[in-house]
Amino acid sequence: MICPICKKPVDPADKLAPFCSDRCKLLDLGAWASGDYIISTEPLFDLEKDQGNGE
Ligand SMILES: [Zn+2]
(Lines give C-alpha, C1' and ligand atoms only; values in the text may rest on other atoms or scores of the structure.)
Protein backbone atom coordinates (compact mmCIF):
# COMPACT_ATOMS: atom_id res chain seq x y z
CA MET A 1 0.00 0.00 0.00
CA ILE A 2 1.30 3.48 -0.93
CA CYS A 3 0.56 6.69 0.94
CA PRO A 4 -1.55 8.81 -1.48
CA ILE A 5 0.04 11.99 -0.18
CA CYS A 6 3.78 11.35 -0.13
CA LYS A 7 3.91 8.00 -2.03
CA LYS A 8 5.79 6.22 0.74
CA PRO A 9 5.13 2.51 1.36
CA VAL A 10 2.59 1.93 4.15
CA ASP A 11 1.76 -1.24 6.06
CA PRO A 12 -1.94 -1.95 5.29
CA ALA A 13 -2.35 -3.19 8.86
CA ASP A 14 -1.37 0.22 10.19
CA LYS A 15 -4.30 2.03 11.80
CA LEU A 16 -3.38 5.09 9.76
CA ALA A 17 -3.44 3.20 6.43
CA PRO A 18 -3.57 4.20 3.62
CA PHE A 19 -1.69 7.13 5.08
CA CYS A 20 1.86 6.84 6.45
CA SER A 21 1.29 9.35 9.24
CA ASP A 22 -1.20 11.67 10.91
CA ARG A 23 0.34 14.50 8.92
CA CYS A 24 -0.54 12.90 5.57
CA LYS A 25 -4.02 12.04 6.84
CA LEU A 26 -4.60 15.69 7.71
CA LEU A 27 -3.21 16.80 4.35
CA ASP A 28 -5.72 14.50 2.65
CA LEU A 29 -8.57 16.02 4.65
CA GLY A 30 -7.28 19.42 3.53
CA ALA A 31 -7.48 18.28 -0.09
CA TRP A 32 -11.11 17.30 0.50
CA ALA A 33 -11.90 20.73 1.92
CA SER A 34 -10.27 22.51 -1.01
CA GLY A 35 -12.36 20.59 -3.54
CA ASP A 36 -9.69 18.35 -5.06
CA TYR A 37 -12.02 15.40 -4.63
CA ILE A 38 -15.08 17.04 -6.19
CA ILE A 39 -14.81 14.75 -9.25
CA SER A 40 -15.61 11.71 -7.10
CA THR A 41 -19.04 13.16 -6.23
CA GLU A 42 -20.16 13.75 -9.84
CA PRO A 43 -21.96 10.37 -10.32
CA LEU A 44 -24.28 11.39 -7.45
CA PHE A 45 -25.94 13.90 -9.76
CA ASP A 46 -27.20 11.05 -11.95
CA LEU A 47 -28.73 9.36 -8.91
CA GLU A 48 -30.59 12.55 -8.02
CA LYS A 49 -32.03 12.73 -11.54
CA ASP A 50 -33.35 9.17 -11.22
CA GLN A 51 -35.10 10.06 -7.97
CA GLY A 52 -36.93 12.86 -9.76
CA ASN A 53 -38.63 10.33 -12.06
CA GLY A 54 -41.09 9.03 -9.46
CA GLU A 55 -44.78 9.86 -9.87
ZN1 LIG B 1 2.56 9.97 3.65
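**View 1. Four cysteine sulfurs hold the zinc ion in this predicted model.** The protein donors of the zinc ion are the SG atoms of C3, C6, C20 and C24, which lie 2.3 Å from the metal. The angles among these 4 donor atoms run from 102 to 120°, and the site of the zinc ion is tetrahedral. Read along the chain, the donors of the zinc ion follow the spacing C-x2-C-x13-C-x3-C. Although cysteines surround the metal here, the structure as a whole holds 0 disulfides.

**View 2. The donors C3, C6 and C24 can be compared by their accessibility.** C3 counts as buried because its relative accessible area, 0%, is under the 20% cut-off. C24, with a relative accessible area of 3%, is likewise under 20% and therefore buried. C6, in turn, has a relative accessibility of 32%, which lies between the limits of 20% and 50%, so this residue is described as partly exposed.

**View 3. The zinc donor C24 is set in helix α1.** This helix spans residues 22-33, and C24 is one of the residues within that range. Leaving aside residues up to four places away in sequence, C24 touches C3, I5, C6 and F19, and of these neighbours C3 and C6 also serve as donors of the zinc ion.

**View 4. C24 and I5 are brought together from separate places in the sequence.** Although C24 and I5 stand 19 residues apart along the chain, their C-alpha atoms are separated by 5.8 Å. I5 is also among the residues that C24 touches.

Conventions:
Residues numbered from 1 in each chain as written. Predicted model: local features only at pLDDT ≥ 70, side-chain atom pairs only at ≥ 80, totals over all residues. Heavy atoms only, no water. Disulfide = S-S within 2.5 Å. Buried < 20%, exposed > 50% of the residue type's maximum accessible area, 1.4 Å probe, protein only. Helix = DSSP H or I, 4+ residues; strand = E, 2+ residues; numbered from the N terminus. Contact = heavy atoms within 4.5 Å. Donors = N, O, S within 2.8 Å, 3.2 Å for Na, K, Ca; no water. Tetrahedral: all angles 85-135°; square planar, octahedral: opposite > 155°, others 65-115°.
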